[in-house]
Amino acid sequence: MSAIAISSKYVGGRRDVKNIPAVIHPSVHPFSSDMFNSMSDTEEFRVLDLKQKKQTPFRRKFKKQDVMPPRTTMMPVDQDWGNVWPGPRTFHPAVVPLPVRQGYNEKDAPPGKFGNAELMKIPNFLHLTPPVVTSDYCHSSPDIRNPLARIVTIKVKLGRLPLNKHARDKILRLVGERYNPENDVLTIMTDRCPLRQQNLDYAHYLLTALFHESWKIEPWESEKSEADMEYYDWEASASRKSVMRLLSWSPDQDAVQISADFILSDLTEYKEAISKIMNEGEEEYTLNRYKEEVKKLLSLQDVSSTE
Amino acid sequence: MVYNFFKNLTSEATLRGISSVLHKQRLFCTAAQASQILATNEKHITSFRTAESNPLKHNFDHAYRFYTIPVEVKNQLFQHGGLPKYFNEQAKAFMETCVMVRDPALEILHYLKTADYSRPAIRYVIYGESGCGKSITLAHILHYGLTAGFLLIHVPWVPNWMRVCKEVSNSATREGYVDLNLDAAEWLIHFKNQNAALLNNIDLRVSKEYAWSKREKTEEGVPLLELVEHGINRVKYASECVVALVKEIKLHSTQGRCKTLVVIDGFNAFFHPRTRVVTAEKIQVPPSKITLTEAFIEITKYDWCNGAVILTVDKTGVADDRRESFLPIYQLGKEGFEHLDPFVPISVREYSEKELESCLDYYVDRRWLQNEKSFTEEGRKELKYLCGMNPRRLMHVCAPL
Amino acid sequence: MAPLNMVFGSVLRKNIIFNNAEVLYKRVNLVNAYSMYGPQFVEPVYKKDKQESMYESGEIENILHVPVKAARVDATCSVFHDELVRKFTNLVMRDGRKILARELIEEAFEKIKRIQLQRYHSTEDPEKKTSVLTDPLKIFHAALANSKPVLQLTPIKRGGVTYQVPVPITDKRSQFLAMKWIILAAKDKDPKVHFPEKLAWELVDAAGNQGKVVKKKQDLHRQCEANRAYAHYRWS
């Protein structure tokens with residue numbers, strides 16, 4: 001189609017050349033027979049042509065070279081496309097058997113694929129047809145492999161690792177953000193080595209190191225105070241101490257002390273209430289629960305009970 | 001119409017779980033009976049006002065109604081502070097001091113009436129948004145304490161000491177401590193003003209000898225008032241006197257000679273490290289290094305009985321790095337919480353619909369709402385939305401109307 | 001007015017005669033040349049009751065499909081809104097600090113209420129008691145009404161001599177003068193006294209037909225009376 005368009009343009013060009021009136025002038029061709037004839041026929045004065053028109057220089061006839069028809073015409077339907085277009089290359093209209101068009105014509109259809117610079121400018125993915133592509137990562141750079149493919153992520157369910165309370169606490173502190181408490185999964189991602197295998201090795205190394213490090217107990221760990229605790233431990237808190245002292249207090253210092261076991265059995269709900277405040281934050285709901293528990297603890301009557 | 005009124009009454013009664021409807025009818029009767037009572041005491045039988053000015057008898061029947069604090073009681077309790085400044089001005093304009101009987105106060109009164117006083121003193125912590133009526137609740141409870149014969153230990157506003165203390169001097173007896181003697185003496189006068197009548201009745205004596213200096217000492221066995229007088233007269237020892245006085249009261253209370261009600265407004269100021277108390281060397285003093293703090297920390301401990309401790313925490317009482325929330329544990333901080341735990345948190349909320357209506361009625365009655373539009377339903381609705389049910393804001397919104 | 005009438009006559013190609021600029025503005029819906037609103041825009045009606053009455057009377061039909069100017073920031077449908085107080089606030093305002101101005105006026109109103117309540121409570125006689133006005137808004141209106149002058153002096157030069165000629169003034173001008181005098185009187189104070197307090201006293205005094213502002217008005221009237229002989233210079 002496009003080829004036809006080009007040829008028709010060429011024809012048009014020829015027509016233009018033809019249309020130019022051929023003025024043959026005696027001064028240019030002094031010895032032409034035509035001139036002699038006219039002189040002898042009319043016997044008139046020669047017209048002085050002051051406005052001599054230059055003879056157009058002889059232009060060689062443009063000969064169109066014979067070109068082979070596009071390869072696409074001879075392509076079998078069931079060819080192996082991977083062999084035709086093995087790697088990334090610029091678009092070639094004669095190789096791609098598709099009626100693609102690209103660009104803009106004001107009054108016509110978009111230009112076809114032949115002689116279309118637009119199609120050559122844009123990146124193409126013709127080397128990445130489904131039968132060719134087998135890897136996860138590929139892109140249109142000269143190298144089919146994506147550099148991101150080297151990154152390795154390993155995920156470990158933390159519950160499956162043999163850790164005690166201390167080791168688990170320590171590993172959580174060491175991994176920080178990499179642990180997801182919602183599904184108990186530890187994610188280690190390595191990307192510092194150029195090859196995938198190296199990164200995988202490194203991830204394994206990291207996991208091993210983390211595991212062994214978490215089992216180590218440093219001498220300064222005994223100095224861990226309440227503020228460093230990751231959750232509120234009521235048993236070790238000042239609140240428990242003060243409650244115990246309050247419950248066992250009496251104005252008469254010699255009075256019988258209430259046994260600790262008896263108190264503790266009463267206190268589980270109180271403990272829960274206060275732990276909830278400390279762990280989940282102070283808000284109207286947790287505070288109300290704390291109030292109810294305190295009222296129970298101090299045996300205060302409910303307001304509604306008297307009415 | 002009368003039928004409707006009774007229907008409302010009964011539904012109200014069932015809501016609050018009050019069994020005796022008859023009782024209510026007697027209190028707030030309608031039609032024929034009402035006219036009789038109106039004739040006798042026109043002023044007091046209204047839907048927003050209760051004639052019951054004895055807080056001992058206040059119960060949920062009086063809720064949402066205003067009661068009057070008698071002038072002599074007001075002079076005794078609040079002459080040296082205790083009522084918010086604007087509230088005081090308001091009282092002056094109204095020619096009376098009226099306080100609304102509200103749920104938190106009733107709740108505390110109920111606890112105070114039913115608590116076991118042989119057990120350690122219970123700490124109640126009042127909290128709420130600023131302007132919701134924490135200090136007014138305290139005033140109501142103070143009135144109760146006075147009527148019920150409690151010995152009152154009342155601090156009108158702790159942040160006053162931490163922010164605008166009158167004089168700072170180094171303590172003579174304790175290393176590194178600071179005395180606020182003028183403030184302490186002022187507090188002693190306040191204490192004396194509130195309790196002199198009671199202290200003259202019950203015989204409390206100093207349990208041990210206090211030597212203030214080489215020549216001055218308070219002998220064992222002199223009346224407690226003498227200790228107070230000494231602090232007032234010899235301002236130099238006022239701080240120490242406060243500490244001694246509080247310890248004495250604690251002792252007497254534990255031994256059952258008196259009942260004590262500790263009421264402290266802005267208690268969280270004792271637990272915020274930043275104060276404006278500076279020594280002569282321009283060093284900021286934390287509250288823990290102020291002698292007065294020790295006294296009131298001591299009296300808010302659990303290790304005494306025959307008493308109750310009522311505190312408020314207020315976010316306006318501390319520096320602005322602790323104003324994100326008004327909730328008590330945040331306001332007290334870790335140290336304060338550990339000191340008070342276990343305490344009973346009491347929330348003071350914004351006005352409910354009924355309380356707001358009652359308050360507006362009261363303002364109209366006191367001619368505080370004068371704009372004609374404020375008597376209309378629409379005007380009241382607008383006031384309600386403008387103040388966001390906050391009592392203080394309502395007061396300010398109503399001021400120019 | 002005459003040149004203005006000529007201008008409008010030529011512009012509108014109608015023979016219009018207005019002897020009052022206000023009427024003219026209303027009639028031709030004159031707009032500021034640089035206004036963001038075209039001449040077809042109408043003023044917003046922001047009062048609920050006004051709107052309702054317009055619906056009832058059917059007046060709303062006239063402006064139902066006409067573009068409306070955006071309401072000004074101080075236009076509110078609050079039931080407590082008062083046009084005179086709004087105007088007064090704007091006169092009290094300096095440097096565009098309207099919030100401050102409003103606060104000052106609210107404070108003054110509160111103070112008025114306190115003063116009057118004290119008076120109310122201190123009067124024993126029940127009949128006199130009811131006569132004590134405690135509504136600050138009413139007091140404000142009364143004060144304003146009492147301070148409004150009906151005449152003013154304007155300098156007119158005749159035969160090389162400038163005469164102070166008494167002329168009647170419009171209601172708007174006299175309202176402006178009253179407000180201005182009240183504010184000036186309130187500003188003439190000891191620096192220790194707050195503006196709202198002094199303003200409150202001035203308003204209470206003026207409402208009782210006494211005080212500085214009322215005296216000023218009476219002085220002006222007296223002077224007008226004295227200069228009545230020059231009155232004809234107004235037109236001759």
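1. Strand β10 of chain B, covering residues 307-312, is a sensible place to begin in this predicted model. Six of its six residues are buried, so the strand is largely enclosed by the rest of the structure. The side chains divide by direction: B:G307, B:V309 and B:L311 point one way from β10(B), whereas B:A308, B:I310 and B:T312 point the other way, and all of them are buried. In a regular strand the side chains alternate between the two faces of the sheet.

2. Which strands flank β10(B) by pairing in the parallel sense? One of them is β3 of chain B, residues 122-127, which runs parallel to β10(B) and is joined to it by five bridges; here B:I122 has B:A308 as its bridge partner. Another is β9 of chain B, residues 260-264, which also pairs with β10(B) in the parallel sense over five bridges. Within that pairing, B:V262 is bridged to B:V309, and B:I264 has B:L311 as its partner in β10(B). Thus B:V309 and B:L311, which point one way from β10(B), are bridge partners of B:V262 and B:I264 respectively.

3. These pairings belong to an open sheet of five strands in chain B, whose order is β4-β9-β10-β3-β11 and whose pairing is parallel. The edges are occupied by β4 (151-155) and β11 (344-347) of chain B, each of which has a single partner strand, so that one side of each is left without a neighbour in the sheet. From one strand to the next, the twist averages 15°. In the strand order, β10(B) stands between β9(B) and β3(B), and this placement can be read together with the burial of six of its six residues.

4. Two helices should be considered alongside this sheet. Helix α6 of chain B, residues 103-114, lies across β3, β9, β10 and β11 of chain B, and runs at about 150° to β11(B). Helix α13 of chain B, residues 328-340, packs on the sheet and touches β3, β10 and β11 of chain B, with a direction that makes about 165° with that of β3(B).

5. A helix pair in chain B also merits inspection: helix α9 (residues 181-201) and helix α10 (residues 224-233) pack at an angle of about 155°, with their axes 10 Å apart. Because of that angle, α9(B) is roughly antiparallel to α10(B), and the crossing of α9(B) and α10(B) is left-handed. On the α9(B) side the contact includes B:A185, B:L188, B:I189, B:F191 and B:K192, together with B:A196, B:L199 and B:N200, while α10(B) contributes B:L225, B:V228, B:E229, B:G231 and B:I232. Classified by character, the residues of this contact comprise nine nonpolar, two polar and two charged.

6. For chain B as a whole, the secondary structure comes to 16 helices and eleven strands. Of its 401 residues, 57% are buried. Among contacts in chain B with a separation of 6 or more, 72% are accounted for by residues 24 or more positions apart.

7. How many helices and strands does chain C have? Its secondary structure comes to eleven helices and two strands, and from the N terminus on its elements run α-α-α-α-α-α-α-α-β-β-α-α-α. Buried residues make up 34% of the 236 residues of chain C. Of the contacts in chain C between residues at least 6 apart in sequence, 59% join residues at least 24 apart.

Notes
Residues numbered from 1 in each chain as written. Chains lettered and ligands numbered in written order. Predicted model: local features only at pLDDT ≥ 70, side-chain atom pairs only at ≥ 80, totals over all residues. Heavy atoms only, no water. Axes fitted to C-alpha atoms, helices over the stretch in contact; angles between N-to-C directions. Helix = DSSP H or I, 4+ residues; strand = E, 2+ residues; numbered from the N terminus. Parallel < 35°, antiparallel > 145°, perpendicular 65-115°, else oblique. Left-handed = near helix turned anticlockwise from the far one by under 90°. Contact = heavy atoms within 4.5 Å. Nonpolar A, V, L, I, M, F, W, Y, C, P; charged D, E, K, R; others polar. Buried < 20%, exposed > 50% of the residue type's maximum accessible area, 1.4 Å probe, protein only. Pairing = 2+ DSSP bridges.
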